[in-house]
Amino acid sequence: MKQDDIFSKPLKPVEPFEFNETVVNVFDDMISRSVPGYREIIHRQAQLAETFYQPNTRIYDLGCSNGNFGIRLCEEMGKKPFEMIAADNSMPMIDAYRKRLQNFSNHHRITLTCCDIQNVNIENASVVVINFTLQYLPIAERDDLVRRIYKGLIPGGILLLSEKIMHMDNALDQLQQEFYYRFKKENGYSELEISQKRDALENVLIPETIEIHRQRMTRAGFTRMDIWHKWFNFTSMIAVKKVKGQGESRQ
Ligand code: GEK
């Protein structure tokens with residue numbers, strides 16, 4: 001795994017962050033050292049996908065990057081047939097994903113598409129994954145995507161959403177960020193790397209609060225949701241599309 005040293009030297013100016021070839025070359029190291037619990041999240045999501053997948057339906061991975069979820073899913077599904085559409089608007093990411101898939105016997109089950117996730121037609125889905133990617137869409141366009149996901153899911157289908165988040169309470173928000181920078185330092189990033197990456201992501205990655213995510217999912221139609229993973233300013237949620245006539249919550 002090639003080490004991420006993209007922000008290790010002073011950059012003048014620090015350009016807005018892009019998922020270009022340079023980033024793709026170090027992506028696995030970057031995401032593992034920047035997202036707390038990343039491997040655990042992918043592992044459990046692959047298990048959730050295997051559990052909730054319904055025969056003759058589709059899985060969607062929106063913002064699939066170089067395929068960490070897809071690869072884990074292939075392992076989890078084993079011989080079980082499935083169909084997945086994986087989309088990302090970075091061509092270098094899709095190329096890297098395609099290369100990795102060649103080593104898997106069920107690779108033909110995954111269709112890779114290089115496009116904006118806002119243009120992906122979501123139909124007959126039992127699982128939709130959107131991991132650390134909604135945060136890159138303009139806020140005004142997020143409702144529409146989550147609404148289309150809800151519509152494209154069959155009853156009993158799930159949305160798996162992971163995001164970097166913020167807190168409404170300023171002091172708690174500060175605390176989350178402090179612990180996040182601690183985590184990055186412990187993973188070998190210098191003060192300069194941390195601050196230049198933060199500058200590069202300014203206005204590119206726009207986090208929201210858990211409450212806002214919940215409200216958006218509720219507006220889209222979801223009535224059943226859970227936060228199954230939370231680490232300071234990162235969270236992974238599951239939302240289930242209700243099956244008609246099935247109860248929602250315990251009284
Ligand atoms: C993982 N889910 O390994 N349309 C399509 N792709 C997009 C868009 C868009 N509008 N905006 C950003 N991307 C992955 C990790 S990384 C998260 C996701 C991160 C893509 C972008 O090219 C990149 O590959 C991915 O979303 C975000 O679980 O590195 O912060």
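At 34% relative accessibility, Glu 83 counts as partly exposed, a label for residues between buried (under 20% relative accessible area) and exposed (over 50%), with a 1.4 Å probe and protein chains only. The side chain of Glu 83 meets that of Arg 58 in a salt bridge, with 2.9 Å from N to O; a salt bridge here is a side-chain nitrogen of Lys or Arg within 4 Å of a carboxyl oxygen of Asp or Glu. Arg 58 lies in strand β1 (residues 58–62) and Glu 83 in the loop between α3 (68–77) and β2 (84–88), so the pair ties together parts that are 25 residues apart in sequence. Arg 58 is also partly exposed, with a relative accessible area of 22%. The element names refer to DSSP runs numbered from the N terminus, helices being H or I with at least four residues and strands being E with at least two.

The model is predicted, and therefore local features need pLDDT of at least 70 and side-chain atom pairs count only at pLDDT 80 or more, while totals for chains, interfaces and linings use all residues. Residues are numbered from 1 along each chain as its sequence is written, and side-chain values use heavy atoms, with hydrogens and water left out.

The structure holds 12 salt bridges, and some of them lie within a helix. Glu 40 pairs with Arg 44, their closest N and O atoms being 2.8 Å apart, and the two residues, four apart in helix α2 (residues 38–52), are separated by about one helical turn. Glu 40 is partly exposed at a relative accessible area of 37%, and Arg 44 is partly exposed at 32%. In helix α3, Arg 72 forms a salt bridge with Glu 76, with 3.5 Å between the closest N and O atoms; again the residues are four apart, which puts about one helical turn between them. Glu 76 is partly exposed, at 24% relative accessibility. An α-helix has 3.6 residues a turn, so residues three or four places apart point the same way. Elsewhere, Arg 142, Asp 143, Glu 208, Arg 216 and Arg 219 are linked in a network of salt bridges.

One member of that network, Arg 142, is also touched by Gln 135, which has its place in the loop between β4 (125–131) and α5 (142–152). Gln 135 is buried, with a relative accessible area of 3%. Its side chain reaches the backbone oxygen of Phe 132 at 3.2 Å, and a polar atom of the Gln 135 side chain lies 2.9 Å from the backbone nitrogen of Lys 164. Leaving aside residues up to four places away in sequence, the residues that Gln 135 touches include Glu 163, Val 204, Leu 205 and Ile 206, where contact means heavy atoms within 4.5 Å.

Helix α5 holds Gly 152, which is buried at a relative accessible area of 6%. Gly 152 touches Ile 122, Glu 123, Asn 124 and Ala 125, not counting residues up to four places away in sequence. The C-alpha atoms of Gly 152 and Ser 126 are separated by 8.6 Å, although the residues are 26 apart along the chain.

In helix α7 (residues 191–201), the buried residues are Glu 193, Ile 194, Gln 196, Lys 197, Ala 200 and Leu 201, and what covers them includes α1 and α6 (170–186). After α7 comes Asn 203, whose phi is positive, near 65°.

Two of these α7 residues, Glu 193 and Lys 197, help to line the largest cavity, together with Asp 4, Phe 7, Ser 34, Lys 184 and Tyr 189. On a 1 Å grid over the protein atoms alone, a cavity is a set of points where a 1.4 Å probe fits but cannot get out, a pocket is an open set with protein on both sides within 12 Å along at least five of seven lines, and lining residues have an atom within 4 Å of a point. The structure holds one cavity of 30 Å³ or more, and about 50 Å³ of space lies in the largest cavity, a volume being the space filled by probe spheres set on grid points that are joined across faces, edges and corners.

The second largest pocket has a volume of about 290 Å³. Its lining has 15 residues, of which Val 24, Asn 25, Asn 66, Pro 92 and Ala 96 lie nearest the centre. The elements that give two or more residues to this lining are α1 (21–34) and α4 (91–101), and α1 gives the most, with seven residues.

Definitions and conventions. A polar contact is a pair of N or O atoms within 3.5 Å; within protein, one must be able to donate a hydrogen and the other to accept it, and residues adjacent in sequence count only if both atoms are side-chain atoms.
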